Amino acid sequence: MSSYALDLDTLAASIKEWGRELGFQQTGITGVALGEHEAYLERWLAEGYHGEMDYMAAHGQKRSRPDELVPGTLRIVSLRMDYLPGDTDMAKRLADPTHAYVSRYALGRDYHKLIRKRLQQLAERIQSTIGPFGYRAFVDSAPVLEKALAEKAGLGWIGKNTLVLNRKAGSYFFLGELFTDLPLPVDEPHPSNHCGRCSACMAICPTQAFVAPYVLDARRCISYLTIELKGPIPEELRPLVGNRVFGCDDCQIVCPWNRFAKPTAQPDFQPRHNLDNSDLVTLFRWTEEEFLSRTEGSPLRRAGYERWLRNLAVALGNAPTSIPVIEALKAHQQHPSPLVREHVEWALGRHASV
Ligand code: SF4
Ligand code: SF4
């Protein structure tokens, strides 16, 4: 190690500067003790609020103990990258039941690759300055309690909607982490919670997925239902899903702190294939080949074609009755997937009485 080893304050300041140069809007550093977040996670899992997301329960306490996940870890560098893709009229799309609503984070290219590459570049810059050191990069990775780490690193507070909020940037951002064995000086945790008496996110949630402030029952959350859940969407929740075909942003759209969210200049996060302005019928008519080619490098791939059709069938069941809607549904009535067929029948049933 060079003289940087002796001046960890300077190194920490440089890491923040390099973070900015690499496209991150904020960088904070924290230690490995997650304190009350571990107990919170255990209670949440014990209630079964994670549904089918077994990966949340996997890894045991490694999730809340970074130094057990990556032995030797002393500090976590937590970084924020904003993703709001400018004015995409998404609130307007949400209000139009003939159009698909795709969560804002998923309109462009998949963020994992981009952020992982930038974290790697950050590690290389550190390495070129101080020589070899221990590190591992994570992006939205199952074994990492990234929101707790971000709060502890001073990036913001965890709001009643369970997302990290920042007074100057709202919540439309991704998080990435660099676990390191460098004993860097840590930042102060975010000092205060600015939700106050507000509960707008809880009131707006279409499926009433918050069982209490700061507690989300993922099994009712539309993001979970349209992305994570593999089987059928529970029938009683289908009418509440509306036109949200991949994720949901309602509890972010309504959050007053998102008035301060700034659009990203990152080209990767700009909408592709008209996903910010597509009608349900058009998307439902995509063949599997079209789906695969149009979602290449996109977070939508995570759902897969079968679940994409399942979600669209639900949205079409919730759309106003029209000949194009019924014809599009009928075109998939004989689909080889029982999952798709069942949702198509449900949707047609919604239009039968009209
Ligand atoms: S993402 Fe949508 S469904 Fe999930 S908690 Fe927020 S408002 Fe409710
Ligand atoms: S909507 Fe209100 S209560 Fe919910 S996260 Fe935002 S500020 Fe907090």
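## Around ligand 1

A residue is near a molecule if one of its heavy atoms lies within 4 Å of it. In this predicted model, the residues around ligand 1 include four cysteines by name, Cys 205, Cys 221, Cys 248 and Cys 251, and they are joined there by Pro 206, Thr 207, Phe 210, Leu 216, Ile 222, Ser 223 and Asp 250. Sorted by class, this shell holds eight nonpolar residues, two polar residues and one charged residue. Helices α9 (222-228) and α11 (250-253) each contribute at least two residues to the shell.

## The cysteines

Cys 205 has a relative accessibility of 11%, and because buried means under 20%, Cys 205 counts as buried. Cys 248, at 14% relative accessibility, falls under the 20% limit and therefore counts as buried too.

A disulfide is a covalent bond between the sulfur atoms of two cysteines. With a limit of 2.5 Å between the sulfur atoms, the count for this model comes to zero disulfides.

## The second largest pocket

Rolling a probe the size of a water molecule over the atoms shows where empty space is left. The second largest pocket has a volume of about 330 Å³, and its lining is made up of 17 residues, among which Gln 25, Arg 80, Asp 82, Ala 169 and Lys 262 lie nearest the centre of the pocket.

By class, the lining of this pocket divides into five nonpolar, seven polar and five charged residues. Strand β2 (residues 75-82) gives the most to the lining, with three residues, while domain 1 (3-86 + 108-180) and domain 2 (200-350) each provide at least three of the lining residues.

Terms used. Residues are numbered from 1 along each chain as its sequence is written. Chains are lettered from A and ligands numbered from 1 in the order in which they are written. This is a predicted model: local features need pLDDT of at least 70, side-chain atom pairs count only at pLDDT 80 or more; totals for chains, interfaces and linings use all residues. Side-chain values use heavy atoms; hydrogens and water are left out. Helices (H or I, at least four residues) and strands (E, at least two) are DSSP runs, numbered from the N terminus. Ala, Val, Leu, Ile, Met, Phe, Trp, Tyr, Cys and Pro count as nonpolar, Asp, Glu, Lys and Arg as charged, and the others, Gly among them, as polar. On a 1 Å grid over the protein atoms alone, a cavity is a set of points where a 1.4 Å probe fits but cannot get out, and a pocket is an open set with protein on both sides within 12 Å along at least five of seven lines; lining residues have an atom within 4 Å of a point. Grid points are joined across faces, edges and corners, and a volume is the space filled by probe spheres set on the points. Domain bounds come from an automatic or database domain assignment. Buried means under 20% relative accessible area, exposed over 50%, partly exposed in between (1.4 Å probe, protein chains only).
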